[in-house]
Each structure stands twice: as C-alpha cells, then as structure tokens.
Amino acid sequence: MDSLEAGGAERMVVTIANALAAKGLSSSVVTTRAEGALVNQLATEVTYFYLHKKRTFDLLALKKCLNFIKKNNVKQVHAHSSSWFFGVLIKIGQPNIKLVWHDHHGNRINSAKTNWKLKIASLFFSSVITVNQELENWAKKNLWCKNVYYLQNFIAYVPTEKLNKTVLKGIEGKRMVCLANLRNPKNHTFLIEMFVRSNAIQEGWTLHLIGNMNDKEYLMRIQSKIDYLSVLDSIFIYGAKNDIDSILHQCEIGVLLSTSEGFPVTLLEYGKAGLAVISSDVGYCNVLIKDNITGFLVSVNDEKQTLNAFDLLIKDIALRKRLGKNLCNFVSSEYNSEKAIVQLMKIYTQ
C-alpha cells in the first residue's frame with residue numbers, strides 16, 4: 001500500500017493483515033511512500049516494512065522490497081489501489097510470486113475511458129479483487145485478467161493498547177460524527193450546511209469531523225464554511241485518528257453524505273459501534289443501509305430528505321437505538337472476518 005494514513009482502503013489493509021495473522025499465517029504489510037497513523041493498529045504478529053519510495057521508478061525501494069520477499073519467502077503479493085504499478089515491478093523482478101490487485105476505487109466505473117497502463121498491467125495479475133460487484137463487472141469487461149472476484153469489506157478486532165485516546169468535545173449523548181478523509185467526494189460542506197440548518201445546534205448537538213487533511217484547499221473551504229456560519233463551538237475538525245473505536249463510542253449518530261463511494265468501511269465502523277446512521281445512496285451504501293431499518297438512506301444532496309433524517313434522529317432516542325442495534329447486528333453477522341478470510345484464501349490458492 002502507498003501508506004497507512006487513515007482511510008478506508010488503508011483500514012482494509014490493516015484488517016486483512018491482522019485477520020490473516022490471527023489464522024496463524026505469515027502476514028506482512030509493506031508501505032511504499034509513507035507510513036501513517038494506522039501502523040499502530042497492526043497486530044504484533046504482522047511484519048511491517050517501510051520502503052521510503054521517493055519516485056515512480058525507485059530502484060532502491062524495489063531492490064529492498066525484492067530482498068524482503070526473498071528473505072520472508074513471500075508467495076503472494078497483495079497490491080492495493082494505486083500500488084498496482086509497484087506490484088508489477090515486483091512481479092517482473094520475482095516472476096514466481098502471485099500478484100493480486102485489490103481495487104478500492106468506487107468511482108472508477110464512471111471514468112470515461114479505461115486507463116491503458118492499468119489494462120496492460122493486468123496481464124501480470126494472478127487475480128483482481130474488487131470491493132463491489134459494479135467494479136467486478138468493470139474489471140471483467142476492461143482488464144486482461146481472467147480471475148476477477150468480489151470480496152466485500154469486513155471488520156475485525158483491532159488492538160488498542162498502543163493507541164492514544166481522543167476525547168471529543170461537546171455534550172455526552174449529543175455527538176454526531178463523520179468519519180471520512182477531508183477531500184472530494186466526501187461532501188463535507190453539504191454536511192455542515194445540513195447540520196446547521198437542522199435543529200441540531202439548538203438541541204445542543206455537536207458535529208465531529210475525523211479524517212486526514214492532506215487536501216489543503218478542501219480543508220480551507222470547510223474551515224471557511226464553519227467560520228462563515230459562526231459555528232466554531234459546534235463543529236470540530238480533528239484530523240486523522242487511529243483510535244476510531246474509542247471515538248465512535250463517544251458518538252450517537254454517524255453520517256456519510258458522499259457524492260460517490262465504493263463500499264465504504266466507514267459504514268461498517270459505524271455499525272460495529274452501534275451508531276444510528278445517515279448515508280447518501282451511492283455505491284454499495286444501500287446494501288448496508290436499508291432505509292428506516294438499519295439507518296436512513298438519502299439521495300445525494302437532497303436537502304429535504306437529509307434535514308428530515310437529521311431532525312428525526314436528533315429528537316428520538318428510541319429510534320436511534322433501534323437503527324443502531326439493527327445495523328450492528330447486520331454488520332456483525334454478514335461482514336465479519338471469518339467469512340471474508342475463507343473467501344480470500346480461496347482467491348489466493350486458486
């Protein structure tokens with residue numbers, strides 16, 4: 001993976017590595033360009049290696065990685081997202097390994113044309129894994145790899161003893177959270193506007209934004225919006241955090257109003273914490289969020305639907321508890337590591 005900065009794909013890297021190690025398998029994580037907060041969530045049984053890759057063609061980083069593969073007798077290289085290119089270089093340098101590419105990019109299907117470099121690279125892939133069935137269909141149609149599989153995202157135990165605990169501001173029992181990196185297409189400005197226009201602030205609620213802030217222009221727009229609306233005492237930005245479980249258990253409502261998604265790990269995290277959820281109807285969000293059963297599902301940028309969902313959850317504790325419990329039960333049953341790792345091992349061995 002490029003890094004282990006807090007993000008959905010990065011959290012899945014950690015989850016997969018930890019779950020494999022828990023099965024007694026030799027599991028390693030290699031980051032190429034950066035490290036990140038999620039390094040501390042790796043289980044002690046997982047070997048971690050950082051390459052300090054400086055450029056696209058970094059022969060020193062490639063040599064270090066190939067040495068690591070030989071030393072640890074690695075049989076499978078599981079390349080996530082944009083690290084497919086480095087994975088291909090590894091495959092060329094070590095032809096005996098099996099290269100699996102994991103596509104987390106939910107908006108890829110809306111791209112006007114196939115990336116020809118990725119198409120050529122797919123000749124080196126043993127398998128392609130996608131996070132939803134639309135991406136699976138896209139890969140089967142556009143890539144030159146015959147083995148394409150849909151593997152749903154899942155949740156697993158995360159060791160917390162090494163994590164610093166974040167203490168959220170605001171009143172206990174009246175906190176709303178958005179766990180999403182501060183960048184497009186997460187739609188934070190719309191979220192902020194809906195929060196302010198709802199009855200949330202009048203009822204004493206606060207909104208907490210958790211996610212990395214690498215996109216400075218996007219961050220500036222959010223900060224300007226908060227300042228313009230004079231809600232500095234009600235909306236708080238924390239940046240990337242690795243103690244997600246602790247943060248979510250301080251909240252009552254989880255919100256994700258993105259304009260596009262693949263299969264967001266954020267909704268699994270909300271479910272694991274038992275939060276009442278408001279989600280936009282994009283990607284595979286509607287697989288997890290069944291309207292008024294496991295949360296509220298709203299159309300993208302639909303002000304009326306979104307405000308109605310906000311106000312219903314803000315005033316109705318029983319409704320929040322019912323939706324949160326339903327989602328928690330659904331996620332625990334259908335998106336646990338046991339099922340997913342069995343499927344992943346079949347993909348590795350086929």
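This is a guided tour of a predicted model, going from one selection in the viewer to the next.

**The four-stranded sheet**

Begin by selecting strands S3, S4, S5 and S6, which form an open sheet in the order S3-S4-S5-S6 with parallel pairing. Strand S3 (76–80) and strand S6 (148–150) are the edge strands, each of which pairs on one side only. If you look along the sheet, the twist from one strand to the next averages 25°.

Now narrow the selection to S3 and strand S4 (residues 98–103), which run parallel and are joined by five bridges. Within this pair, show Val77 and find the residue opposite, which is Leu99 in S4.

Next add helix H5 (residues 133–142), which lies across S4, strand S5 (127–130) and S6. The direction of H5 is at about 175° to that of S6.

**Arg108, after strand S4**

Follow the chain out of S4 into the loop that leads to helix H4 (116–121), and stop at Arg108, which is found in this loop. Is Arg108 buried or exposed? With a relative accessibility of 15%, Arg108 counts as buried, because the cut-off for that class is under 20%. Display the side chains here, and you will find that of Arg108 in a polar contact with the side chain of Asp103, at 2.8 Å. Leaving aside residues up to four places away in sequence, Arg108 touches Trp101, Asp103, Leu118, Leu135 and Trp138.

**The six-stranded sheet**

Turn now to the strands that form a second selection, an open sheet of six in the order S9-S8-S7-S10-S11-S12, where the pairing is parallel. At the edges stand strand S9 (235–239) and strand S12 (296–298); each has a single partner strand, so one side of each is left without a neighbour in the sheet. The twist in this sheet averages 20° from one strand to the next. Add helix H12 (residues 317–334), which packs on the sheet and touches S10, S11 and S12, while its direction makes about 75° with that of S11.

Then isolate strand S11 (residues 276–280), of which five of the five residues are buried, so that S11 is largely enclosed by the rest of the structure. With side chains shown, Ala276, Ile278 and Ser280 point one way from S11, whereas Val277 and Ser279 point the other way, and all are buried. Bring back strand S10 (residues 253–256), which runs parallel to S11 and is joined to S11 by four bridges. In this pairing, Val255 stands opposite Ile278.

**Backbone details in two loops**

The next stops concern the backbone, and a little background helps: most residues other than glycine have a negative phi, and most peptide bonds are trans.

Select the loop between strand S7 (175–179) and helix H6 (188–197), where Pro185 is found. The peptide bond from Asn184 to Pro185 is cis, with omega near 10°. Asn187 is found in the loop between S7 and H6 as well, and its phi is near 65°, a positive value in a residue other than glycine. At 11% relative accessibility, Asn187 counts as buried.

Go then to His52, whose place is in the loop between strand S2 (47–50) and helix H2 (59–71). The phi of His52 is near 60°, which is again a positive value in a residue other than glycine. His52 has 40% relative accessibility and therefore counts as partly exposed.

**A pair of crossing helices**

Finish by selecting helix H1 (residues 8–22) together with helix H13 (residues 337–349). How do the axes of H1 and H13 cross, and within what distance do they come? The two axes come within 10 Å and cross at roughly 85°, and H1 and H13 are therefore roughly perpendicular to each other. To see the contact itself, show Ile16, Ala19 and Leu20 in H1, which meet Ser337, Ile341, Leu344, Met345 and Tyr348 in H13. Sorted by class, the contact of H1 with H13 has seven nonpolar residues, one polar residue and no charged residues.

Conventions: Residues numbered from 1 in each chain as written. Predicted model: local features only at pLDDT ≥ 70, side-chain atom pairs only at ≥ 80, totals over all residues. Heavy atoms only, no water. Pairing = 2+ DSSP bridges. Helix = DSSP H or I, 4+ residues; strand = E, 2+ residues; numbered from the N terminus. Axes fitted to C-alpha atoms, helices over the stretch in contact; angles between N-to-C directions. Contact = heavy atoms within 4.5 Å. Parallel < 35°, antiparallel > 145°, perpendicular 65-115°, else oblique. Nonpolar A, V, L, I, M, F, W, Y, C, P; charged D, E, K, R; others polar. Buried < 20%, exposed > 50% of the residue type's maximum accessible area, 1.4 Å probe, protein only. Polar contact = N/O pair within 3.5 Å; in protein donor to acceptor, adjacent residues only side chain to side chain.
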